[in-house]
Amino acid sequence: MSATLAVVGATGAVGSVMIELLDERPATPWSDIRLIASPRSAGRKITVRGTDRTVLALAPEVFDGVDIALFDVPDEVSAQWAPVAVERGAVAVDNSGAFRMNPRVPLVVPECNADRIADRPLGIIANPNCTTLSMMAVLGSLHREFGLRELVAASYQAASGAGQPGADRLQAEIAAVAGKGVGVRAGDVGEALAAAGLAVADSPFPAPLALNVIPWAGSLKGDGWSSEELKVRDESRKILGIPDLKVSATCARVPVVTTHSVAVHATFAEPVTVEQARAVLAAQPSVVLVDDAAAGEFPTPADVVGGDPTYVGRIRQALDFPNTLDFFVCGDNLRKGAALNTYEIAEILAAELAS
């Protein structure tokens, strides 16, 4: 039995990557593929698997006959429409934050907890935040061997983590500062952006991003923490099944269009050497080990963008901290960090429906 797939948010940044994945991963036969978006995008034609498909406006009836609905839309849209899809008979796989911490909704990374897919009392499966996902293939495999106990993470998040408006804003800022030949004086970047009509008030970011690093991502929560930082803590605990995991995160935005990077400081219950960690990670099919500092080999966003695996390097025994490793991971936030993980869940669901 083949299944009918719906992609909600098909014209957005993540939805566009989902279309690419559908073309690149033809092994799962879908009886039908429906592309769904807001009314303003309805009527557009998008070619998927060699067939021109018309984008449908989001409405209850578009889910009739759908088996699996993938949601790549803002939280408020998923919160409203994922239950509608379920009511119409679909399993909803949601890439937003609307359901991630709902105790009745599994939060799934197939490399870590694929068994949770079958336990979906609300008919909804949640996809983690892209920053958390950047670490999970690596942390999950190390946790199974050595028992993760503490996690400190510093993320370097790409502009596209703020959606297409974030990527567009960075490109516009780069063009503005390049055109002005910006130097190194304080205020140069701001002056160049002002001359180009790029007010910070109109930006998805709280400060200029071109030639800059912003030590903030997400919205303000209690005691000075950002929503992105709390997601790293809460989602890591849920995915790995460690409710008492000690986590502290600092999330920054960097002038990279796509691919998040995370510097990880991970403490384990069992002793672990660099050589043991490399052996575990080298055996993981969705992890690429790039770790030869002497040869200048380590993962960077420019090398990773457009790829499916998680890349890891700079693996070191932490100085002064027993049973602790420091390492650096990179993952394309629009692929494994969003669309790919969602689609991998859909593939598992399709196999379940066919059995």
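**Notes on a predicted structure**

1. Leu211 is exposed, with a relative accessible area of 61%, and its place is in the loop between α6 (188–195) and α7 (227–240). This is a predicted model, and in it the phi of Leu211 is positive, near 55°, although the residue is not a glycine. Most residues other than glycine have a negative phi, and a reader new to the structure may wish to look at this loop with that in mind.

2. Asn323 also has a positive phi, near 55°, and is likewise a residue other than glycine. Its position is in the loop between β13 (310–317) and β14, and at 24% relative accessibility Asn323 counts as partly exposed.

3. Turning to the interior, the largest nonpolar core has 57 residues, of which Phe63, Phe71, Met135, Leu139, Leu142, Val264 and Phe327 touch the most other members. Helix α4 (residues 130–146) supplies the largest share of this core, namely eight residues. Apart from this core lies another, of 33 residues, which includes Ala10, Ile33, Ala37 and Leu334. In soluble globular proteins, nonpolar side chains tend to be buried together.

4. Helix α4 deserves a paragraph of its own. With 15 of its 17 residues buried, α4 is largely enclosed by the rest of the structure. From its first C-alpha to its last the helix reaches 24 Å, close to the 24 Å expected at 1.5 Å a residue, and yet there is a kink of about 45° in α4, centred on Met136. At the N-terminal end, Asn129 acts as the cap, with a side-chain oxygen 2.9 Å from the backbone nitrogen of Thr131, while after the helix comes Gly147, whose phi is positive, near 75°.

5. What does Glu228, a residue of helix α7, touch beyond its neighbours in sequence? Not counting residues up to four places away, Glu228 touches Asn129, Thr131, Gln157, Ala217, Gly218 and Cys251. Two of these contacts are described in more detail: the side chains of Glu228 and Asn129 are joined by a polar contact of 3.3 Å, and the side chain of Glu228 makes another polar contact, of 3.1 Å, with the side chain of Gln157. At 10% relative accessibility, Glu228 counts as buried. Asn129 therefore appears twice in this note, as the cap of α4 and as a polar partner of Glu228.

6. The structure holds four aromatic pairs, and one of them is formed by Phe63 and Phe71, which are stacked at 5.9 Å centre to centre with 20° between the planes. Both Phe63 and Phe71 are buried. Leaving aside neighbours within four places in sequence, Phe63 is in contact with Val8, Arg34, Ile36, Leu58, Ala69, Phe71, Trp81, Val84, Ala85 and Arg88.

7. Another aromatic pair consists of Tyr156 and Phe328, which are tilted, with 6.2 Å centre to centre and 45° between the planes. Tyr156 lies in strand β9 (residues 148–157) and Phe328 in strand β14 (residues 324–331), so the pair ties together parts that are 172 residues apart in sequence. Tyr156 counts as partly exposed, at 33% relative accessibility.

Note on methods: Residues are numbered from 1 along each chain as its sequence is written. This is a predicted model: local features need pLDDT of at least 70, side-chain atom pairs count only at pLDDT 80 or more; totals for chains, interfaces and linings use all residues. Side-chain values use heavy atoms; hydrogens and water are left out. A nonpolar core is a set of buried Ala, Val, Leu, Ile, Met, Phe, Trp, Tyr and Cys residues joined through side-chain atoms within 4.5 Å. Buried means under 20% relative accessible area, exposed over 50%, partly exposed in between (1.4 Å probe, protein chains only). Helices (H or I, at least four residues) and strands (E, at least two) are DSSP runs, numbered from the N terminus. Contact means heavy atoms within 4.5 Å. Rings of Phe, Tyr and Trp (its six-membered ring) pair if their centres lie within 6.5 Å; planes under 30 degrees apart count as stacked, over 60 as edge-to-face and the rest as tilted. A polar contact is a pair of N or O atoms within 3.5 Å; within protein, one must be able to donate a hydrogen and the other to accept it, and residues adjacent in sequence count only if both atoms are side-chain atoms. The expected span of a helix is 1.5 Å times one less than its number of residues. The bend at a residue is the angle between axes fitted to the seven residues ending there and the seven starting there.
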